[in-house]
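Subject: Structure handover

Hi,

Here is the structure we talked about. Please open it first, then read the notes below.

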Amino acid sequence: MLGADLDPYQPDHLEDPYPFYGKLRELGPATFLSRRNIWLVSRYESASYVLRDYRDFTSSLGVGFTRVPDHGYRYPLVDNDPPEHTRARRAVQGEFGRAAMTRLRPAVRDAATELVEAAIADGDIDAVTTLAQPLPELTIRVLTGIEPPDADMMSAWGDAVGQLGSADLDPRHAELATDSLEWLTAEGVPALPEHCLGRLIMDSGGADGRLAEDDLERLMMLDSIWLAGVDSSGSLLANAVNAFAEFPEQWDAVRARPDLIPNAVEEVLRWDSPFRSFYRRTLAPASINGVDIPADADVCVIMAAANRDPDRFTDPDRFDVTRPDAKFHLAFGASIHLCLGAPVARLETIEFLTALAGRVRRFERIGQAVRSANQAVRKFSTLPVRLVPA
Ligand code: HEM
């Protein structure tokens with residue numbers, strides 16, 4: 001039995017979770033936390049096993065701390081198992097393939113260049129508001145066709161939807177998530193331009209009309225793509241700046257060899273994963289690497305802990321842009337629910353680091369970086385840095 005000191009949602013553990021994750025991994029493949037009534041899975045082998053065994057560990061009851069029927073939101077992809085999941089995924093998968101990313105790249109590249117040049121002109125910046133928030137917001141706008149009312153609203157909605165997975169859900173976040181859906185229905189969808197992903201989903205039901213005609217499935221699909229990619233990618237971009245401010249020799253390596261950038265993105269995802277965890281539920285008794293799990297259990301898969309498992313990654317706490325197996329992290333999940341937007345997040349971060357690498361010699365800390373209290377996404381509220389020009 002674990003006590004409060006091993007609760008992943010304790011504020012100290014949210015601030016710097018890695019010592020806590022280390023203790024947790026030592027306790028075994030799965031450990032029951034009675035005060036929250038959840039099973040914690042923190043080793044790479046066991047986390048990977050649960051994510052891949054979608055028959056024993058269902059997503060259909062929700063993937064956050066709160067079960068879907070309790071908070072009322074069901075997203076057609078993340079909250080479903082096959083065959084519904086397979087049908088819904090096929091409806092949109094093609095829009096995230098290589099050709100789609102080739103079409104998206106110029107807009108993302110231009111936006112990254114513009115944001116980075118403006119930030120360098122300022123010199124001293126908050127990397128969150130100046131870089132990490134605007135780039136994903138613009139990318140998602142181009143990707144979906146949705147024109148949000150304003151940037152602050154978009155950030156608040158993105159944050160709120162991320163927080164739906166929290167253990168101590170603030171009713172304000174649930175209200176904001178509802179607001180975003182209401183705005184999307186009343187204003188966002190009617191204003192969609194002719195040819196865009198939003199129209200493809202809403203008017204045609206995705207590829208081959210696979211999404212149900214009832215507007216709710218289409219709307220929830222669009223809503224999930226629209227808001228899943230804001231806070232998550234924003235977290236990754238700021239976590240990257242933070243990592244390179246902390247380890248300037250790694251930034252020197254990237255600047256000397258820009259071909260390392262794609263691997264550097266994987267290493268940031270591994271070393272400081274944006275999503276802390278996702279849940280699965282059991283419908284019948286199951287087992288995780290020899291630990292018996294009862295039916296009707298809530299299983300918290302801590303991917304951010306698995307990504308620092310010394311049994312999988314050599315010297316896992318070391319941030320190393322040349323790490324040969326960085327891409328085997330679980331930051332995007334695994335198997336059938338592997339992040340749909342992973343190619344988008346990778347594209348944004350590669351273009352972002354490329355724009356910075358040509359122009360910035362060093363990131364210097366100029367104030368206190370503050371981590372957000374967000375229980376689901378590990379992100380910064382503020383990250384003050386000086387961009388020293390090349
Ligand atoms: C760094 C950025 C991102 C991270 C770390 C991330 C992480 C994840 C993870 C871990 C999952 C799997 C959840 C599970 O297994 O239950 C997931 C699923 C998903 N992500 Fe992302 N994501 C990111 C960006 C995006 C973007 C940019 C989009 C959309 C444009 C997006 C859309 C989705 C969707 C729709 C799913 C559900 C997939 C399914 O269930 O088949 N994500 N993401």
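Start with Asp315. Asp315 is partly exposed, because its relative accessible area is 46%, and partly exposed runs between 20% and 50%. One caution before you go further: this is a predicted model.

**Backbone oddities**

Asp315 sits in the loop between H16 and H17. Its phi is near 45 degrees, which is positive, and Asp315 is a residue other than glycine.

Asp208 also has a positive phi, of about 55 degrees, although Asp208 is not a glycine. Look for Asp208 in the loop between helix H11 (197-204) and helix H12 (215-228). Is Asp208 buried or exposed? Asp208 counts as exposed, because its relative accessibility is 68% and the cut-off for exposed is over 50%.

Then check the prolines. Pro82 and Pro83 are joined by a cis peptide bond, with omega at about 5 degrees. Pro83 belongs to the loop between helix H4 (68-71) and helix H5 (84-92).

**The iron and its cysteine**

Which protein donor does the iron atom of the ligand have? The only one is Cys339, through SG, at 2.3 Å. You will find Cys339 in the loop between helix H16 (303-306) and helix H17 (342-357). Asp315 has its place in the loop between H16 and H17 too.

**Another cysteine**

Cys196 is in the loop between helix H10 (171-188) and H11. Cys196 is buried, because its relative accessible area is 16% and buried means under 20%. Set aside the neighbours within four places in sequence, and Cys196 is in contact with Thr144 and Gly145. Arg109 is another matter. Cys196 and Arg109 are 87 residues apart along the chain, and their C-alpha atoms are separated by 19 Å.

**Helix H9**

Two residues here are worth a click. Ala151 is in helix H9, which covers residues 151-163. Ala151 is partly exposed, with a relative accessible area of 42%. From the C-alpha atom of Ala151 to that of Ile120, the separation is 21 Å, for 31 residues along the chain.

Met153 is also in helix H9. Met153 is partly exposed as well, with a relative accessible area of 25%. Its C-alpha atom is separated from that of Gly64 by 23 Å, and the two residues are 89 apart along the chain.

**Nonpolar cores**

In soluble globular proteins, nonpolar side chains tend to be buried together. Here the largest nonpolar core has 85 residues. Which residues have the most contacts inside it? They are Ile201, Ile225, Trp226, Phe244, Trp251, Leu353 and Phe363.

Take Leu353 as your way in. Leaving aside neighbours within four places in sequence, Leu353 is in contact with Ala240, Phe244, Trp251, Ile261 and Val265. Another core, of 23 residues, lies apart from the largest one. Tyr44, Ala297, Leu330 and Ala334 are among its residues.

**Cavities**

How many cavities of 30 Å³ or more are there? The count is 2. The second largest has a volume of about 80 Å³. Its lining includes Pro8, Tyr9, His13, Leu14, Pro17 and Tyr21. Also in that lining are Arg276, Ser277, Cys300, Ile302 and Gln375. By class, the lining has 7 nonpolar, 3 polar and 1 charged residues.

Best wishes

Definitions and conventions
Residues are numbered from 1 along each chain as its sequence is written. This is a predicted model: local features need pLDDT of at least 70, side-chain atom pairs count only at pLDDT 80 or more; totals for chains, interfaces and linings use all residues. Side-chain values use heavy atoms; hydrogens and water are left out. On a 1 Å grid over the protein atoms alone, a cavity is a set of points where a 1.4 Å probe fits but cannot get out, and a pocket is an open set with protein on both sides within 12 Å along at least five of seven lines; lining residues have an atom within 4 Å of a point. Grid points are joined across faces, edges and corners, and a volume is the space filled by probe spheres set on the points. Ala, Val, Leu, Ile, Met, Phe, Trp, Tyr, Cys and Pro count as nonpolar, Asp, Glu, Lys and Arg as charged, and the others, Gly among them, as polar. A nonpolar core is a set of buried Ala, Val, Leu, Ile, Met, Phe, Trp, Tyr and Cys residues joined through side-chain atoms within 4.5 Å. Buried means under 20% relative accessible area, exposed over 50%, partly exposed in between (1.4 Å probe, protein chains only). Contact means heavy atoms within 4.5 Å. Donors are N, O and S atoms within 2.8 Å of the metal (3.2 Å for Na, K and Ca); water is not among the atoms, so sites may look incomplete. Helices (H or I, at least four residues) and strands (E, at least two) are DSSP runs, numbered from the N terminus.
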